[in-house]
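Subject: Structure for you to look at

Hello,

Here is the structure I said I would pass on. Please open it before reading the notes underneath.

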Amino acid sequence: AVAEQEKSWRPAAMAEVESDSDAPPGFNAVTFAGIGMVARMLEPQNLAEPADWTALVSDLEPWGEVPEPNSINSISTTATDRGLTADLSADLEWSAEFLPWGSDGRLRARAKAAPKGSRVPSGGYSWQGTDLIIIRPKESLTSDAAQEVARALEADDMAAAEDELRMAGAVLGLYHVRAEAARTTPPDPSRWNARTHWLEETLHATFLWRVKYSKNQPCTLSLSDVRLSDISGDSLRIGRPRLADALRTHTCEFPAMRDLASLVHDLSRIHHSLSTSLELTPLRSALIDGWKSTAPEDWTSDEAFYSHRGGMAIWEYEQCLLDVLEATSHQSGAPEPALSILTYVKAYQKRMFSNRTFGALSVMAAFFGIASLVNTFPPTMGEVPIPIACIALSYWLNGVYKRMSPPPERPFTDLGR
């Protein structure tokens with residue numbers, strides 16, 4: 001059995017309560033409760049000998065390519081913050097990754113949609129439609145984008161960091177091209193805002209953020225959580241969901257912009273953890289530009305990035321809330337840089353609210369111009385200049401309002417000052 005202290009995927013500060021969930025043979029159903037949060041998980045009971053593996057998967061439904069259960073010669077396990085990992089030795093070396101809180105049901109679709117060369121599960125095991133284990137040939141240790149970016153930051157090598165980040169963004173964009181072809185549905189702003197509301201309410205946030213969202217952010221086979229460590233060269237790794245997905249299960253689908261925000265926020269984590277003189281803004285710009293170079297055109301448009309309608313900013317805000325949610329479940333202290341970023345949210349929102357003055361003036365000018373034309377129809381030559389001037393002023397003010405939208409490459413900590 002896996003020792004209790006080794007179960008690092010569990011929310012350490014939440015109390016284990018009696019579970020009312022069913023579990024397949026060889027698994028325990030466990031439930032954890034905290035203030036406003038519940039996390040349900042399925043954990044393997046014993047996994048020390050090859051026979052344990054055979055018994056464990058006997059009642060599960062296999063999919064894809066998996067090793068023959070009776071062919072396993074040896075097994076060793078490692079605990080991670082996303083679940084247990086078992087190294088299986090048979091005719092080949094395999095890695096079995098357990099999903100304590102399952103997946104959102106789209107893991108296999110993501111693997112199928114991933115570009116050629118991506119490191120995706122070859123198969124796995126499910127129970128009652130929920131993926132419990134994913135299997136992949138054991139990967140040789142290679143350098144990933146997170147390591148390469150960290151080396152460049154520590155050496156204050158901006159050119160190397162930007163090159164690595166552009167490549168990482170391009171790899172994510174290539175995945176989204178395939179995801180667009182596989183599945184695209186309309187945006188879901190009501191559920192997105194409801195999810196943000198739950199996060200703010202659960203975390204007793206002192207700020208609220210609701211947006212209408214751009215129509216250029218349709219739902220797709222988003223990765224849910226993607227880190228720079230998932231990218232190596234031109235290869236993308238499809239992995240396990242994060243703990244936040246157990247604390248707040250998905251009730252909707254998400255746009256590709258959320259994946260980009262996840263990757264950009266991961267860059268912020270790395271930048272914050274290292275001693276470097278390099279500014280964050282050009283690094284973010286390189287990552288975003290890399291994604292724009294390969295992702296679907298509509299999804300990379302100015303309209304999609306328009307911060308007054310959410311843009312990337314609202315999704316980066318959500319990433320910060322998810323970091324705080326996980327830290328709260330562990331009582332592990334303030335997660336940085338998420339907490340520092342959140343302190344600038346009110347100032348960021350205040351700036352956008354001030355920008356709306358130009359939007360309101362634009363609407364008023366258009367109203368006066370159109371109303372004048374209607375009231376004087378058909379207008380004389382002497383009556384035309386005033387309404388035309390109002391409409392032209394409205395057009396100009398609307399352009400000013402759009403240009404005042406905070407650019408995505410600038411972090412909250414800059415624009416919130």
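The notes below go from the whole protein to a few strands, the nonpolar core and some charged pairs. Please keep in mind that this is a predicted model.

Overall picture

The protein has 417 residues, and 51% of them are buried. Its chain forms 13 helices and 14 strands. The accessible surface is about 19100 Å², and carbon and sulfur atoms account for 54% of that area. Taking the contacts between residues at least 6 apart in sequence, 72% join residues that are at least 24 apart.

A sheet of three strands

Near the start of the numbering you can look for an open sheet of 3 strands. The strand order is β1-β2-β3, and the pairing is antiparallel. At the edges are β1 (15-17) and β3 (37-44), each of which pairs on one side only. From one strand to the next, the twist averages 35°. Strand β2 covers residues 27-34 and is joined to β1 by 3 bridges. One position to find on screen is valine 17, whose bridge partner in β2 is threonine 31. As general background, strands of a sheet pair through backbone hydrogen bonds, either parallel or antiparallel.

Strand β8 and its partners

How many of the residues of strand β8 (residues 123-127) are buried? The count is 5 of 5, and the strand is mostly covered. Gly123, Tyr125 and Trp127 point one way from β8, while Gly124 and Ser126 point the other way. This fits a general pattern: in a regular strand the side chains alternate between the two faces of the sheet.

β8 pairs with strand β4 (residues 61-64) in the antiparallel sense, over 4 bridges. There, proline 62 stands opposite tyrosine 125. β8 also pairs with strand β9 (residues 130-137), again in the antiparallel sense, over 5 bridges. In that pairing, glycine 123 has isoleucine 135 in β9 as its bridge partner. β8 and β9 form a hairpin with 2 residues between the strands, and glutamine 128 in this hairpin takes a positive phi near 55°.

The nonpolar core

The largest nonpolar core has 101 residues, and the members that touch the most others are Trp53 and Ile133. Helix α9 (residues 313-330) supplies the largest share of this core, with 9 residues. Leaving aside residues up to four places away in sequence, tryptophan 53 touches ten listed side chains' residues, among them Leu47, Pro69, Phe98, Tyr125, Ile133 and Ile135. Tyr125 is also one of the buried residues of β8. In general, nonpolar side chains in soluble globular proteins tend to be buried together.

Charged pairs

The count of salt bridges comes to 31. The general idea is that side chains of opposite charge can pair when their charged atoms come close. Three of these pairs are worked through here, each within one helix.

Arginine 151 and glutamate 148 form a salt bridge, with their closest N and O atoms 2.8 Å apart. Both sit in helix α3 (residues 145-154), 3 residues apart, which is about one turn of the helix. Arginine 151 has a relative accessible area of 46%, so this residue counts as partly exposed. Glutamate 148 is partly exposed too, at 31%.

Glutamate 162 and arginine 166 meet in a salt bridge at 3.8 Å, N to O. They are 4 residues apart in helix α4 (residues 158-182), so about one helical turn separates them. Is glutamate 162 buried or exposed? Its relative accessible area is 17%, so glutamate 162 is buried, the cut-off being under 20%. Arginine 166, at 36%, is partly exposed.

Arginine 269 and aspartate 266 form a salt bridge in which the closest N and O atoms are 3.1 Å apart. Both lie in helix α7 (residues 256-273), 3 residues apart. Arginine 269 counts as buried because its relative accessibility is 15%, and aspartate 266 counts as buried at 7%. These two residues also belong to a network of salt bridges, which links Arg82, Asp225, Arg227, Arg242, Asp266, Arg269, Asp323 and Glu326.

Regards

Key: Residues are numbered from 1 along each chain as its sequence is written. This is a predicted model: local features need pLDDT of at least 70, side-chain atom pairs count only at pLDDT 80 or more; totals for chains, interfaces and linings use all residues. Side-chain values use heavy atoms; hydrogens and water are left out. A salt bridge is a side-chain nitrogen of Lys or Arg within 4 Å of a carboxyl oxygen of Asp or Glu. Buried means under 20% relative accessible area, exposed over 50%, partly exposed in between (1.4 Å probe, protein chains only). A nonpolar core is a set of buried Ala, Val, Leu, Ile, Met, Phe, Trp, Tyr and Cys residues joined through side-chain atoms within 4.5 Å. Contact means heavy atoms within 4.5 Å. Two strands pair if DSSP finds at least two bridges between them. Axes are lines fitted to C-alpha atoms, for helices over the stretch in contact, and angles run from 0 to 180 degrees between N-to-C directions. Accessible areas come from the Shrake-Rupley method with a 1.4 Å probe; for residues, only the protein chains shown count as cover.
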